[in-house]
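Let's walk through this structure together, beginning at the surface and then moving inward. Please have the 3D view open as you read.

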Amino acid sequence: MAHATRDETETGTAASFVSEDSETFVARFPDAARAVRVLFGIAFVALAGGGLFGVIQSLHRTGIYRGFMSSADYYTALTGHGVLMALVFTTFFITGFFKWAVTRSLGQRTVSTRFTWAWVATMTIGTLLATVAILGGLFDFIPASADVLYTFYAPMGAHPTFYIGAALLIVGSWGAGLDYFREFWNWRGDHPDERIPLQTFMTLTTMLMWYIATLGVAVEVVVFLIPWSLGLLAQVDPLLTRTLFWYFGHPVVYFWLLPAYVVWYTILPKLAGGRLFSDPLARIVFVLFLILSTPVGFHHQYVDPGVPEGFKFIAMTNTMFLLLPSLLTAFTVVASIEHGARQRGGEGRLGWLGALPWDNPAFVGCALAGLMFAAGGFSGMINAGMNINYLVHNTLWIPGHFHLTVGTAFALTAMAVSYWLVPQLTGKRLQLHGLAVVQPYLWFVGMTLMSNAMHRAGLASVPRRTAEPQYDQVAFEGVVGGIAEMRWQIAIGGVLLFVSLVAFLAVMLATWLGERGGQLRVNSDIPPALSGPEHSPVVLDNLRLWTLIAVVLVVLAYGLPLFDMVSSGGLFGPGSGPIPVWLSAWLPLPG
């Protein structure tokens, strides 16, 4: 039997012991740990590159310092920041985290290591291709460019390398999901009557949502954008490709957020010294996200004249329904944290907050990320409403919102859980612990400054997606304070975020290069929920039922609008004719 020692950073009944090296994840599942380490390593490299582009952006756009690049190159930096942070960092970290979660919760080794490395390689090759195309906008010796921003839809076009890379990244993520399902099916064969372990349940529902959501962007890229970029199509329909992108573009937000939810539901309560309040509520939340996440994309197209108002209203209604799982999450997670605090001796209505481990970087990062996400939820309600959305849609308000959600709720949670998880994946003690403690607070302050100023600038109608937001013919009136003050807040906040990012990467690098052995200062056991799965109906685990309902809702929300776009404008846009360019040499044109 392995020995255990008292945890140096946690107290309380639910977090009392720390496993020796023989019981760490890397010792029990070395193949899975190796794959997760590689995925995390690539994610952290992408995070570094995206963060560098981000701080350059913030300084250039605010006019504080423009020595890094010209305004023409700003859009390359903006593309690099968005793609590396929102697509590459997120996808690699999530697939690695889910690999850990499924393997740990099922207690099984990888079904096929060759298959695992195949999808890891596919994602990596795709990332390299897309990154090279983006960097081509900065370096003349690269015969490619992709200044199409994160929202890559027509009429802006990129080099085929970028689109092929994006397609490979998505295909690789599909392979990751299949990997998880293979492990689950293998486990189900030996446990036919057991409830799905919670972390595996959360992973599988998230991946089912991902499969449904990525169909849109896969069709956009493979059927339209790649042939168009290769010259095989003379033109594509901007409205259709934009719609296909946003079919994917909003549920991808939940692909980013749901892994953070996995952390908040299963790991954060344990870090607080307690345990999850309700397993059934957690399952209900993930089922709701599965069925409601995709039929909401039209709320990104409120200003598009080609989409009927009725379908925009349906999207708005569906978006408001998504408030329910978020509110359930707020209740469940806060209740779980409070339980942990009271287990640690906390008392009073609010006094229990002081009993929480505010010197534990993993806890602090997750808790502050959840607090920021609550603020982002309020601005998200503004975005969801049709009338109010018209006022802020193309302003700096929108980046302010998603820097709270993706840029903090996911990113800070990912960094925080890495402090707890990386020692288990490497068998090495966390290094630079003091720097790790400071890092989440620094991120919180930087994001508070930057996002607050972005929201206020949006209310003052300052546009987004432009290197030159100020024009001679336009004067922006500050809502509270002045435009110059907002710019300084954005710049200072961006610099603080970059410093925080450097601190995180320094901790990770020092840990990675450290020596194995000794006490890891983490307790890898996750205690069972106060209310377990036996208190919920078995139908919650019927993934086929919920997937079918999700598909039906997608068909109802998108079937008629897509049919109308194709029937009225043609598959490739008005005036394109029915025959692609590459066929025109072989087939006679109509008439």
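About 23,100 Å² of the protein chain is exposed, and 68% of that area comes from carbon and sulfur atoms. Keep in mind as you look around that this is a predicted model. Beneath the surface, 58% of the 591 residues are buried.

Now turn to the fold. The protein chain is built with 18 helices and two strands. Its radius of gyration is 24 Å, close to the 25 Å that the globule rule gives for 591 residues, so the chain is as compact as a globular protein of that length. If you rotate the model onto its principal axes, the C-alpha trace spans about 80 × 60 × 45 Å.

How is the chain connected to itself? Among contacts in the protein chain with a separation of 6 or more, 82% are between residues 24 or more positions apart.

Charges are worth a look too. The protein chain carries 30 positive and 32 negative charges, and the mean positions of these two groups lie 4 Å apart.

To finish, zoom in on one of those positive residues, R37, which you will find in helix α2, running over residues 30–61. Which side chain of opposite charge is nearest to R37? That is D31, at 8.6 Å. A salt bridge needs a nitrogen-to-oxygen distance within 4 Å, and R37 has no salt bridge although it is buried. Setting aside neighbours within four places in sequence, R37 is in contact with V26, L425, T426, W512 and R516.

Key
Residues numbered from 1 in each chain as written. Predicted model: local features only at pLDDT ≥ 70, side-chain atom pairs only at ≥ 80, totals over all residues. Heavy atoms only, no water. Helix = DSSP H or I, 4+ residues; strand = E, 2+ residues; numbered from the N terminus. Rg over C-alpha atoms; globule rule 2.2 N^0.38 Å. Buried < 20%, exposed > 50% of the residue type's maximum accessible area, 1.4 Å probe, protein only. Contact = heavy atoms within 4.5 Å. Areas by Shrake-Rupley, 256 points an atom, 1.4 Å probe, with all protein chains shown as cover. Lys, Arg positive; Asp, Glu negative; His and termini not counted. Charge placed at Lys NZ, Arg CZ, Asp CG, Glu CD.
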